[in-house]
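Student: I have a new model open and would like to practise reading it. Could you take me through it feature by feature?

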Amino acid sequence: MRAFPPEPPAHDGGAPALAPRPALWTGRATNRVQWLLAAGGAACVALGIELAVDSNWTSGIAPLLMSVIGCVAAGLLVIYGTLAFVHVAVKVDDDSLEVRCGHIGLPRRRISLDDVVGADFAPRVTPRQWGGWGYRWRPEKGTAVVVRRGEGLVLRLGDGRVFTVTVDDAEAAVRVIRDRLRLLGAAKHAEA
């Protein structure tokens, strides 16, 4: 958890100079086992390319095209499906929680802290509970981003939905979110 730097000194106008505030909390979770699955996807793509280049099938072009396209498509789907969930990055800032998956940050989910009514620590979240790795939805449980087995963060949203994400040091994230919710609640109470 990072603390905010001290307030900058006042400048000519008497007001403090504005500087971007750093994220309150950032965390990650990684699953190295998914690299093995990605290697399997790469093997499917390689098989498709091998079939296309060195094929001497005599039964016609249609079966060959179906095999090549099937291998390449299946391989690319496996590669994307696994590499997108090799790791997850979670950031809690002043007004939201943001979850980014994989190396390119997709899929991504941003939840405003105004929509959050509670945050809880889950000591053990497993892919089995959610039906596998990845971005998951179960009607009785809500939505989750599960990249590995272990601790996680559970957000209860104002509309009754629940969002879970596996992340290292989830207890610290829960503390930061609860502190932010208290501050937001105090600010709303002061406005009223």
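Tutor: Sure, we'll go through the sheet, the helices and then a few single residues. Keep in mind that this is a predicted model.

Student: Let's begin with the sheet. What is the order of the strands in the open sheet?

Tutor: To read a sheet, walk across it from one strand to its neighbour. Here the walk over five strands goes E5-E8-E9-E7-E6, and the pairing is mixed. E5 and strand E6 (134–138) each have a single partner strand, so they stand at the edges and one side of each lacks a neighbour in the sheet. On average, neighbouring strands are turned by 20 degrees against each other, direction ignored.

Student: In which sense do E5 and E8 pair, and over how many bridges?

Tutor: The sense is antiparallel, and there are seven bridges between E5 and E8. To see one of them, pick Phe121, whose bridge partner in E8 is Leu153. Then look at what lies on the sheet: H4 packs there, touching E5 and E8, with its direction at about 170 degrees to that of E5.

Student: How do I read a helix like H4, and what does it reach from its first C-alpha to its last?

Tutor: Compare the span with the expected one. Helix H4 covers residues 170–191, 22 residues in all, and reaches 31 Å, close to the 32 Å expected at 1.5 Å a residue. Next, look for the buried side. An α-helix has 3.6 residues a turn, so residues three or four places apart point the same way. Among the buried residues of H4 are Ala170, Ala173, Val174, Ile177, Arg180, Leu181 and Leu184.

Student: Which strands do the buried residues of H4 pack against?

Tutor: They pack against strand E1 (25–30), strand E2 (87–92), strand E3 (96–101), E5 and strand E8 (150–157).

Student: And what about H2: which of its residues are buried?

Tutor: Try the same reading. Helix H2, residues 61–83, has 23 residues and reaches 32 Å, close to the expected 33 Å. Its buried residues are Leu64, Val68, Cys71, Gly75 and Thr82, and helix H1 (34–53) is included in what covers them.

Student: Which residues does Ile79 of H2 touch, leaving out those up to four places away in sequence?

Tutor: Ile79 touches Ala38, Gly41, Ala42 and Val45. Take Val45 as an example of sequence against space: Ile79 and Val45 are 34 residues apart in sequence, and their C-alpha atoms are 9.3 Å apart.

Student: Now a loop residue. Is Thr126 buried or exposed?

Tutor: Check the relative accessible area. Thr126 has 12%, so it counts as buried, the cut-off being under 20%. Thr126 is found in the loop between strand E5 (116–125) and helix H3 (127–130). Beyond residues up to four places away in sequence, it touches Val146 and Arg149.

Student: What should I look for in the backbone at Leu106 and Pro107?

Tutor: Look at omega. A cis peptide bond joins Leu106 and Pro107, with omega about 0 degrees. Pro107 is in the loop between E3 and strand E4 (108–112). Phi is worth a look too: Asp169 has a positive phi of about 55 degrees although it is not a glycine. Asp169 lies in the loop between strand E9 (162–166) and H4, and it is partly exposed at 41% relative accessible area.

Student: Last one: how many aromatic pairs are there in the whole structure?

Tutor: The search finds zero. Rings can still have other company, though: Lys141 lies over the face of Trp130, 5.1 Å from the ring centre.

Terms used. Residues are numbered from 1 along each chain as its sequence is written. This is a predicted model: local features need pLDDT of at least 70, side-chain atom pairs count only at pLDDT 80 or more; totals for chains, interfaces and linings use all residues. Side-chain values use heavy atoms; hydrogens and water are left out. Helices (H or I, at least four residues) and strands (E, at least two) are DSSP runs, numbered from the N terminus. Buried means under 20% relative accessible area, exposed over 50%, partly exposed in between (1.4 Å probe, protein chains only). Contact means heavy atoms within 4.5 Å. The expected span of a helix is 1.5 Å times one less than its number of residues. Two strands pair if DSSP finds at least two bridges between them. Axes are lines fitted to C-alpha atoms, for helices over the stretch in contact, and angles run from 0 to 180 degrees between N-to-C directions. Rings of Phe, Tyr and Trp (its six-membered ring) pair if their centres lie within 6.5 Å; planes under 30 degrees apart count as stacked, over 60 as edge-to-face and the rest as tilted. A charge sits over a ring if NZ of Lys or CZ of Arg is within 6 Å of the ring centre and within 35 degrees of the ring normal.
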